[in-house]
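Me: I want the reasoning behind the labels on this model. Take me through it, cut-offs included.
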Amino acid sequence: MEMHKDIESIMFTKQEIDMMVHNMAFKINEEFEGEELIAICVLKGSIMFSADLIRCLAMNVKIDFMQASSYGSGTESSGVINIKKDIDSDVSGKNVLIIEDIVDSGRTLSLLKEEMKSRGAKNVKIAALLSKPARRVVDVEVEYIGSEIPDEFVVGYGLDMDEKYRQMDYIGILKPEVYM
(Lines give C-alpha, C1' and ligand atoms only; values in the text may rest on other atoms or scores of the structure.)
Protein backbone atom coordinates (compact mmCIF):
# COMPACT_ATOMS: atom_id res chain seq x y z
CA MET A 1 0.00 0.00 0.00
CA GLU A 2 1.42 3.32 -1.05
CA MET A 3 0.65 6.24 1.24
CA HIS A 4 -0.74 9.44 -0.31
CA LYS A 5 1.72 12.36 -0.18
CA ASP A 6 -0.66 14.42 2.02
CA ILE A 7 -0.89 11.73 4.70
CA GLU A 8 1.27 12.05 7.80
CA SER A 9 0.66 8.46 8.96
CA ILE A 10 -1.77 5.60 8.55
CA MET A 11 -4.17 5.22 11.47
CA PHE A 12 -6.03 2.11 10.21
CA THR A 13 -5.09 -0.25 7.39
CA LYS A 14 -7.67 -1.86 5.14
CA GLN A 15 -7.33 -5.07 7.16
CA GLU A 16 -7.92 -3.25 10.47
CA ILE A 17 -10.99 -1.52 9.01
CA ASP A 18 -12.33 -4.86 7.77
CA MET A 19 -11.97 -6.29 11.29
CA MET A 20 -13.84 -3.32 12.82
CA VAL A 21 -16.66 -3.72 10.29
CA HIS A 22 -16.97 -7.48 10.91
CA ASN A 23 -16.99 -6.99 14.70
CA MET A 24 -19.79 -4.42 14.47
CA ALA A 25 -21.77 -6.60 12.05
CA PHE A 26 -21.51 -9.53 14.47
CA LYS A 27 -23.09 -7.43 17.25
CA ILE A 28 -25.81 -6.04 14.96
CA ASN A 29 -26.62 -9.55 13.69
CA GLU A 30 -27.01 -10.73 17.29
CA GLU A 31 -29.27 -7.86 18.28
CA PHE A 32 -31.54 -7.92 15.24
CA GLU A 33 -31.60 -11.66 14.53
CA GLY A 34 -34.80 -12.60 12.72
CA GLU A 35 -35.91 -8.98 12.30
CA GLU A 36 -35.84 -6.59 9.37
CA LEU A 37 -33.74 -3.46 9.39
CA ILE A 38 -33.72 -0.15 7.53
CA ALA A 39 -30.09 0.92 7.13
CA ILE A 40 -29.69 4.64 6.54
CA CYS A 41 -26.37 5.55 5.00
CA VAL A 42 -25.44 9.12 5.91
CA LEU A 43 -23.92 10.54 2.75
CA LYS A 44 -21.30 11.06 1.59
CA GLY A 45 -18.69 9.98 4.10
CA SER A 46 -20.22 6.68 5.19
CA ILE A 47 -20.84 5.22 1.71
CA MET A 48 -17.89 2.81 1.79
CA PHE A 49 -18.42 1.82 5.41
CA SER A 50 -22.16 1.35 4.81
CA ALA A 51 -21.61 -0.89 1.80
CA ASP A 52 -19.12 -3.07 3.67
CA LEU A 53 -21.24 -3.25 6.84
CA ILE A 54 -24.49 -4.05 5.04
CA ARG A 55 -22.83 -6.90 3.13
CA CYS A 56 -21.99 -8.49 6.52
CA LEU A 57 -25.54 -8.32 7.89
CA ALA A 58 -27.56 -11.53 8.03
CA MET A 59 -31.10 -10.10 8.17
CA ASN A 60 -33.28 -8.51 5.51
CA VAL A 61 -31.95 -4.98 5.07
CA LYS A 62 -33.67 -2.13 3.28
CA ILE A 63 -31.16 0.55 2.29
CA ASP A 64 -31.88 4.25 2.23
CA PHE A 65 -29.78 7.41 2.09
CA MET A 66 -29.74 10.72 3.90
CA GLN A 67 -27.39 13.63 3.49
CA ALA A 68 -26.96 15.93 6.45
CA SER A 69 -24.04 18.10 7.41
CA SER A 70 -22.86 20.59 9.97
CA TYR A 71 -19.75 21.39 7.92
CA GLY A 72 -19.28 23.74 5.03
CA SER A 73 -15.96 23.59 3.24
CA GLY A 74 -14.06 24.05 6.51
CA THR A 75 -12.75 21.65 9.11
CA GLU A 76 -14.89 22.85 12.05
CA SER A 77 -18.57 22.10 12.62
CA SER A 78 -20.75 25.15 12.04
CA GLY A 79 -23.25 23.97 14.65
CA VAL A 80 -26.08 24.31 12.12
CA ILE A 81 -27.46 21.04 10.71
CA ASN A 82 -28.45 21.08 7.06
CA ILE A 83 -30.48 18.13 5.68
CA LYS A 84 -29.68 18.08 1.97
CA LYS A 85 -31.37 14.75 1.13
CA ASP A 86 -34.03 13.01 3.15
CA ILE A 87 -34.83 9.29 3.17
CA ASP A 88 -37.60 7.86 1.02
CA SER A 89 -38.57 5.10 3.47
CA ASP A 90 -41.38 5.12 5.99
CA VAL A 91 -39.64 4.19 9.25
CA SER A 92 -42.81 3.98 11.34
CA GLY A 93 -42.74 0.78 13.41
CA LYS A 94 -39.38 -0.27 11.90
CA ASN A 95 -35.88 -0.96 13.21
CA VAL A 96 -33.54 1.76 11.96
CA LEU A 97 -29.75 1.66 11.83
CA ILE A 98 -28.13 5.01 11.07
CA ILE A 99 -24.69 4.39 9.57
CA GLU A 100 -22.13 7.20 9.90
CA ASP A 101 -18.42 7.43 9.18
CA ILE A 102 -17.37 9.47 12.23
CA VAL A 103 -18.95 10.97 15.33
CA ASP A 104 -17.35 14.32 15.95
CA SER A 105 -19.47 16.98 17.70
CA GLY A 106 -22.48 14.63 17.93
CA ARG A 107 -24.84 17.32 16.61
CA THR A 108 -25.77 15.66 13.32
CA LEU A 109 -26.32 12.18 14.74
CA SER A 110 -28.31 13.49 17.70
CA LEU A 111 -30.63 15.33 15.31
CA LEU A 112 -30.97 12.34 12.97
CA LYS A 113 -31.69 9.91 15.81
CA GLU A 114 -34.39 12.18 17.23
CA GLU A 115 -35.83 12.72 13.76
CA MET A 116 -36.21 8.97 13.17
CA LYS A 117 -37.83 8.54 16.61
CA SER A 118 -40.27 11.39 15.83
CA ARG A 119 -41.21 9.56 12.62
CA GLY A 120 -42.26 6.57 14.70
CA ALA A 121 -39.30 4.23 14.31
CA LYS A 122 -39.58 1.22 16.63
CA ASN A 123 -35.87 1.17 17.38
CA VAL A 124 -33.10 3.60 16.33
CA LYS A 125 -29.45 2.61 16.67
CA ILE A 126 -26.27 4.20 15.36
CA ALA A 127 -23.24 2.47 13.86
CA ALA A 128 -20.20 4.71 13.46
CA LEU A 129 -16.85 3.54 12.20
CA LEU A 130 -14.97 6.15 14.26
CA SER A 131 -15.68 8.30 17.29
CA LYS A 132 -13.77 11.38 18.51
CA PRO A 133 -14.95 11.79 22.11
CA ALA A 134 -12.67 14.81 22.64
CA ARG A 135 -14.76 16.78 20.12
CA ARG A 136 -18.19 15.89 21.49
CA VAL A 137 -20.46 18.83 22.31
CA VAL A 138 -23.77 16.93 22.20
CA ASP A 139 -24.26 13.70 24.14
CA VAL A 140 -25.48 11.09 21.67
CA GLU A 141 -25.60 7.34 22.28
CA VAL A 142 -23.72 5.41 19.60
CA GLU A 143 -24.44 1.72 20.03
CA TYR A 144 -21.83 0.35 17.61
CA ILE A 145 -18.40 1.97 17.30
CA GLY A 146 -15.49 0.62 15.29
CA SER A 147 -12.86 2.60 17.20
CA GLU A 148 -12.40 5.71 19.29
CA ILE A 149 -9.69 7.98 17.95
CA PRO A 150 -7.77 11.02 19.20
CA ASP A 151 -8.52 14.50 17.90
CA GLU A 152 -6.70 14.14 14.58
CA PHE A 153 -7.90 15.14 11.11
CA VAL A 154 -8.44 11.78 9.39
CA VAL A 155 -9.29 11.00 5.78
CA GLY A 156 -9.76 7.94 3.61
CA TYR A 157 -12.31 5.12 3.36
CA GLY A 158 -15.01 7.70 2.63
CA LEU A 159 -13.74 10.40 5.00
CA ASP A 160 -12.72 13.56 3.18
CA MET A 161 -11.45 17.09 3.28
CA ASP A 162 -13.23 19.21 0.67
CA GLU A 163 -14.22 16.03 -1.27
CA LYS A 164 -10.63 14.75 -1.50
CA TYR A 165 -9.09 11.48 -0.22
CA ARG A 166 -12.35 9.47 0.02
CA GLN A 167 -11.10 6.75 -2.34
CA MET A 168 -8.20 5.58 -0.17
CA ASP A 169 -8.75 2.08 1.27
CA TYR A 170 -7.08 3.03 4.56
CA ILE A 171 -7.64 5.84 7.08
CA GLY A 172 -4.78 8.27 7.47
CA ILE A 173 -3.94 11.35 9.46
CA LEU A 174 -3.79 14.37 7.19
CA LYS A 175 -0.68 16.53 7.37
CA PRO A 176 -1.58 19.78 9.19
CA GLU A 177 -0.06 21.93 6.45
CA VAL A 178 -2.69 20.56 4.02
CA TYR A 179 -5.69 21.95 5.95
CA MET A 180 -4.30 24.87 7.97
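Me: Why is the sulfur of C41 not bonded to the closest cysteine sulfur?

Reply: First, the ground rules. This is a predicted model, where local features need pLDDT of at least 70, side-chain atom pairs count only at pLDDT 80 or more, and totals for chains, interfaces and linings use all residues. Residues are numbered from 1 along each chain as its sequence is written, and side-chain values use heavy atoms, without hydrogens and water. Now C41. A disulfide needs two cysteine sulfur atoms within 2.5 Å. The closest cysteine sulfur to that of C41 is in C56, 15 Å away, so a bond is ruled out by distance. C56 is in no disulfide either. Searching the whole structure gives zero disulfides.

Me: What makes C41 buried?

Reply: Its relative accessible area is 1%. Buried means under 20%, exposed over 50%, and partly exposed in between, with a 1.4 Å probe and protein chains only. So C41 counts as buried.

Me: Why is C56 called partly exposed?

Reply: C56 has 23% relative accessibility. That value lies between the two limits, so C56 is partly exposed.

Me: How do you know that the rings of F153 and Y179 are stacked?

Reply: A pair of aromatic rings is described by the distance of the centres and the angle of the planes. Rings of Phe, Tyr and Trp (its six-membered ring) pair if their centres lie within 6.5 Å; planes under 30 degrees apart are stacked, over 60 edge-to-face, the rest tilted. For F153 and Y179 the centres are 4.9 Å apart and the planes at 25 degrees, so the pair is stacked. A whole-structure search finds one aromatic pair.

Me: Which parts of the chain does the pair link?

Reply: Distant ones: F153 is in the loop between β7 and β8 (154-155), and Y179 is in helix α4 (residues 176-179), 26 residues apart. Helices (H or I, at least four residues) and strands (E, at least two) are DSSP runs, numbered from the N terminus.

Me: Are F153 and Y179 buried or partly exposed?

Reply: F153 is at 16% relative accessibility, so it counts as buried. Y179 has a relative accessible area of 25%, so Y179 is partly exposed.

Me: What makes S147 buried, and which residues does S147 touch?

Reply: S147 has a relative accessible area of 17%, so it falls under the buried limit. S147 lies in strand β7 (residues 144-148). Contact means heavy atoms within 4.5 Å. Not counting residues up to four places away in sequence, S147 touches F12, M20, L129, L130 and S131.
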